[in-house]
Amino acid sequence: MAQLGSAPSKGLCSIPERTKLHIAMGIFQLGYAGNHVILRAALNMGISKLVFPVYRNIIALLLLAPFAYFLEKKDRPAMTISFLIQFFLLGFIGIASNQGFYLLGLDNTSPTFASATENAVPAVTFILATLLRLEQVHLNRKDGIAKVLGTLISFVGASIITLYKGPSIYRPNSSSPNQSKLFFLFGDANSKNWTLGCVSCFGHCLCWSIWIVLQAIFLKKYPAPFTVYSFTCFFGILQLFGIAAYIETDPQTWQVHSGGELFSLLYAGLVVSGIGFAIQIWVIQRGGPVFVSGYLPLQTMLVALMASITLGEEFYLGGIIGAVLIIAGLYLVVLGKSEESKLVIRKAVSSLVSENSQTNSRGKSSFLQPLLPSSSE
C-alpha cells in the first residue's frame, strides 16, 4: 500500500519540474535573441572579434565560479587527467570555435540571418543524439513521429521567415531620425563577405550541436553542471586569449572605448554566457539535448520582433506564417517528449507491479509449501 500511495505524489512532482524546464528555455531564448542585435552593434562599433569573446567569457567565469565552488562541493567527482582533457575539448568546441564562428558569421551577415541559421541546430542535435543513442526515436509511435515532424516544421517556419516576405502586415513609423541612427548602427552587412558569413554561421551551428550532445554525455559522468561550465569557460578563455594575443598586437584593440561596448560585453558575459548557458546546461541534465535544441526556432521569431521594434523593420506575411509554424513545431516536439516521458513512467510502474506480484507469489508458495503433502509420501 505504501508503494502505491507514493506513486501519485511522484507524478505530481514531475509536472512542476517540466514546467520549470519550459520557463527556463523561454528565458534563455529571449536573452539570446537580444544578443544577436547587441553583438552586431558592438561589431559595428569596431570591437575586435577576438578580444570580445575573451572579455565575455572572463565575465561569465567570474559570475559562475563561486556558484560552482560553494554549491557543488559534494557533487564534484575527484579531478583526473581524463576529466581535464574533456574540459579542454568542451572549451575548444563550445567556447572558442562556437563563439569564434558565430562572431565571424554575424559580422558578415545580419542578426536575422545568424539567428535563422541556428534553426539547423535542432536537426543536427537530433541526428547526433540518435546516433549516439542519447535519444530514442520510434517512428512507429506517436511520440517519435511528433518529435521528427516538430523539428522539420520549426525548421521550415524559420526558413520562411528568412526567405519569404510577402505583403506587409505591419508598418511601424520609420520617419524618426533615431531609427535611422539605429539602422546605421546595426546595419545589414552589405559591404561584408556574405559567403564567408554563411559558412561561419553553419560552422557555429555544427559546433553548438556537438557541444550540446557532448555536455549531455559528460554530465552523466560528472554531475556538477556549474563546475562543468566553469571549467569549460576557463579552458575556452585560455584558447581564445592565446589566439587573440598572437593576432591582436595593438594595445588599443584590448581597450573598451565606449559605454556601448561595455554594455554589450556585460550583456554577453552576464546574461548569455553566464546565466544563459548555465540555464542551458541545467536543462540538458534534466530534459536532454533534443529538448534544449528544440527551443532554438523560437529565437528566430523573437529576433524578428526585436528587429521590428529596434530597427523599425516591417512585419510581413511570411514572418507571420513562419512564426505560426515555429510555434506549432515547438509544440509537437514538446508533446513528443511529454508522451515519451509518460510512456517511460508507465513502463516503470508496470515493471514494479510485475516484480511485486512475482515476489508475493513466491512468498505465498514458500509459506504454503510445508502444509502440502510431499510427493515421496
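In which helix is Thr232 found? Thr232 sits in helix H9. The model described here is predicted.

**Overall make-up**

The chain has 377 residues, and 43% of them count as buried. Its secondary structure comes to 13 helices and two strands. The accessible surface is about 19400 Å², with 70% of that belonging to carbon and sulfur atoms. Take the contacts between residues at least 6 apart in sequence: 90% of them join residues at least 24 apart.

**Around Thr232**

Thr232 counts as buried, because its relative accessibility is 1%, under the 20% limit. A polar atom of its side chain lies 2.7 Å from the backbone oxygen of Val228. Neighbours within four places in sequence aside, Thr232 is in contact with Phe87, Leu90, Gly91, Ile95 and Trp211.

Trp211 in turn has a list of its own. Not counting residues up to four places away in sequence, Trp211 touches Leu90, Ile93, Gly94, Ile95, Asn98, Tyr229, Thr232, Phe277 and Gln280. Thr232 and Gln280 are thus both partners of Trp211.

**Around Gln280**

Gln280 has its place in helix H10, residues 259–287. Is Gln280 buried or exposed? Gln280 is buried, because its relative accessible area is 0% and the limit is 20%. The side chain of Gln280 makes a polar contact of 3.1 Å with the side chain of Trp208. Leaving out residues up to four places away in sequence, Gln280 touches Phe28, Trp208, Trp211, Ile212, Gln215 and Val292.

**Aromatic pairs**

How many aromatic pairs does a search of the whole structure find? The search finds 17. One of them joins Tyr32 and Trp208: the ring centres are 5.2 Å apart and the planes stand at 45°, so the pair is tilted. Tyr32 lies in helix H1 (residues 2–45) and Trp208 in helix H8 (residues 194–221), so this pair ties together parts that are 176 residues apart in sequence. Tyr32 counts as buried at 3% relative accessibility. Trp208 also counts as buried, at 1%.

A second example is Phe87 with Phe231. Their ring centres are 4.8 Å apart and their planes are at 20°, so the pair is stacked. Phe87 belongs to helix H3 (residues 81–108) and Phe231 to helix H9 (residues 225–247), so the link spans parts 144 residues apart in sequence. Phe87 counts as buried at 0% relative accessibility. Phe231 is partly exposed, because its relative accessible area of 28% falls between the 20% and 50% limits. Ring pairs also link Phe83, Phe87, Phe218, Tyr222 and Phe231 into a cluster.

The two pairs side by side:

| Pair | Centre distance | Plane angle | Class |
|---|---|---|---|
| Tyr32 and Trp208 | 5.2 Å | 45° | tilted |
| Phe87 and Phe231 | 4.8 Å | 20° | stacked |

**The nonpolar core**

In soluble globular proteins, nonpolar side chains tend to be buried together. Here the largest nonpolar core has 70 residues. Which of its members touch the most other members? They are Phe52, Trp208, Trp211, Val228, Tyr229, Phe277 and Val283.

Several of these names have come up already. Trp208 shares the polar contact with Gln280 and the tilted pair with Tyr32. Val228 offers the backbone oxygen to which the side chain of Thr232 lies at 2.7 Å. Tyr229 and Phe277 are among the residues that Trp211 touches.

Definitions and conventions: Residues are numbered from 1 along each chain as its sequence is written. This is a predicted model: local features need pLDDT of at least 70, side-chain atom pairs count only at pLDDT 80 or more; totals for chains, interfaces and linings use all residues. Side-chain values use heavy atoms; hydrogens and water are left out. Helices (H or I, at least four residues) and strands (E, at least two) are DSSP runs, numbered from the N terminus. Buried means under 20% relative accessible area, exposed over 50%, partly exposed in between (1.4 Å probe, protein chains only). A polar contact is a pair of N or O atoms within 3.5 Å; within protein, one must be able to donate a hydrogen and the other to accept it, and residues adjacent in sequence count only if both atoms are side-chain atoms. Contact means heavy atoms within 4.5 Å. Accessible areas come from the Shrake-Rupley method with a 1.4 Å probe; for residues, only the protein chains shown count as cover. Rings of Phe, Tyr and Trp (its six-membered ring) pair if their centres lie within 6.5 Å; planes under 30 degrees apart count as stacked, over 60 as edge-to-face and the rest as tilted. A nonpolar core is a set of buried Ala, Val, Leu, Ile, Met, Phe, Trp, Tyr and Cys residues joined through side-chain atoms within 4.5 Å.
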